[in-house]
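Colleague: I'm new to reading protein models. Could you walk me through a few features, one at a time?

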Amino acid sequence: MNLILFGPPGAGKGTQAKRLEDRHGLKQLSTGDMLRAMVASGSQLGQEAKRIMDQGLLMPDQLVIEMIADRIGQSDCAKGFILDGFPRTVKQAEGLDAMLASRGLKLSAVIELKVDEAALLARIHSRIAQGQARGDDTPEALQKRLKVYREQTLPVLPYYEKTGLLRSVDGMAPIDNVSQAIEAILSQVKG
Ligand code: AMP
């Protein structure tokens, strides 16, 4: 089973991807995690990536498409994968399609976590109030990432709607309920 978890930053994609890994033996592939590892390596490319990520902007399409292409071919993805944070542009979605087709692979479903932007901002304010916010976890940074999401990533939804793969769940529901809604979708989806 090959899935995409789709939704704005802070929607809970990572949490749900981890649960799917445990339940179904799928591999979570998060381009954000891969890019943070690149930044941590201190390489030249990593330093450049940090500048772009700190501004809440997107990394070049070709770079992230190649990162994903490389990971999907590895043995830990044999049972399937969950894409988390990718694709973020229509170009990335097209690149993914071409790459999967060339390998005889298919997507099983694209699951959208529908959330309310005002509630995402409220969550950040509460993390800050509780001292749990990360360095880049500021209301300003989130506003910027949400703007990029609206402008560059939301157009990916109609792309998958046309293919009939798109399913939506209420991402504002409690975490367990979101997981149940995803499981209900997966029980109707063929590998
Ligand atoms: P995330 O952890 O998914 O929110 O990603 C953190 C940051 O990494 C984003 O704000 C982007 O700068 C970059 N990034 C992650 N995934 C992608 C992607 N698919 N395309 C371009 N940039 C990405």
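**Helices, a ligand and a cis bond**

Modeller: Sure, and keep in mind that this is a predicted model. Let's begin with a pair of helices: from H4, the residues Asp61, Val64, Ile65, Ile68, Ala69 and Ile72 meet Lys91, Gln92, Gly95, Leu96, Met99 and Leu100 of H5. Sorted by type, the residues of this contact are eight nonpolar, two polar and two charged.

Colleague: Okay, so how do I describe the way two helices pack? At what angle do the axes of H4 and H5 cross?

Modeller: The general idea is that two packed helices are described by the angle between their axes and the distance between the axes. Here, H4 covers residues 61–72 and H5 covers residues 90–102; their axes come within 10 Å and cross at roughly 30°. Angles under 35 degrees count as roughly parallel, and H4 and H5 are therefore roughly parallel to each other. The crossing is right-handed.

Colleague: Let me try H4 with another helix. How is H2 oriented relative to H4?

Modeller: Start from the numbers again. H2, residues 31–40, packs with H4 at an angle of about 100°, and the axes are 11 Å apart. That makes H2 roughly perpendicular to H4. On the H2 side the contact is made by Thr31, Met34, Leu35 and Met38, and on the H4 side by Leu63, Val64, Met67, Ile68 and Arg71. That group divides into seven nonpolar residues, one polar and one charged.

Colleague: And which residues of H1 meet H9?

Modeller: From H1 they are Thr15, Gln16, Arg19, Leu20, Arg23 and His24, and their partners in H9 are Ile175, Asp176, Val178, Ser179, Ile182, Glu183 and Leu186. The mix in this contact is five nonpolar, four polar and four charged. As for geometry, the axes of H1 (residues 13–24) and H9 (residues 175–187) come within 11 Å and cross at roughly 55°. H1 and H9 are therefore oblique to each other, and their crossing is right-handed.

Colleague: Now the ligand. How many residues surround the ligand, and which are the closest?

Modeller: There are 14 around the ligand, and the closest are Thr31, Arg36, Leu57, Gly85 and Gln92. Next, look for pairs of polar atoms. One ligand nitrogen atom is 2.8 Å from an N or O atom in the Thr31 side chain. For Arg36, an N or O atom of the side chain is 2.9 Å from an oxygen atom of the ligand. With Gly85 it's a polar backbone atom, 3.0 Å from a nitrogen atom of the ligand.

Colleague: One last thing: which residues does a cis peptide bond join?

Modeller: The background first: most peptide bonds are trans. In this model, a cis peptide bond joins Phe86 and Pro87, with omega at about -5°. To find it, look in the loop between strand S3 (81–84) and H5, where Pro87 lies.

Terms used: Residues numbered from 1 in each chain as written. Predicted model: local features only at pLDDT ≥ 70, side-chain atom pairs only at ≥ 80, totals over all residues. Heavy atoms only, no water. Axes fitted to C-alpha atoms, helices over the stretch in contact; angles between N-to-C directions. Helix = DSSP H or I, 4+ residues; strand = E, 2+ residues; numbered from the N terminus. Parallel < 35°, antiparallel > 145°, perpendicular 65-115°, else oblique. Left-handed = near helix turned anticlockwise from the far one by under 90°. Contact = heavy atoms within 4.5 Å. Nonpolar A, V, L, I, M, F, W, Y, C, P; charged D, E, K, R; others polar. Near = heavy atom within 4 Å. Polar contact = N/O pair within 3.5 Å; in protein donor to acceptor, adjacent residues only side chain to side chain.
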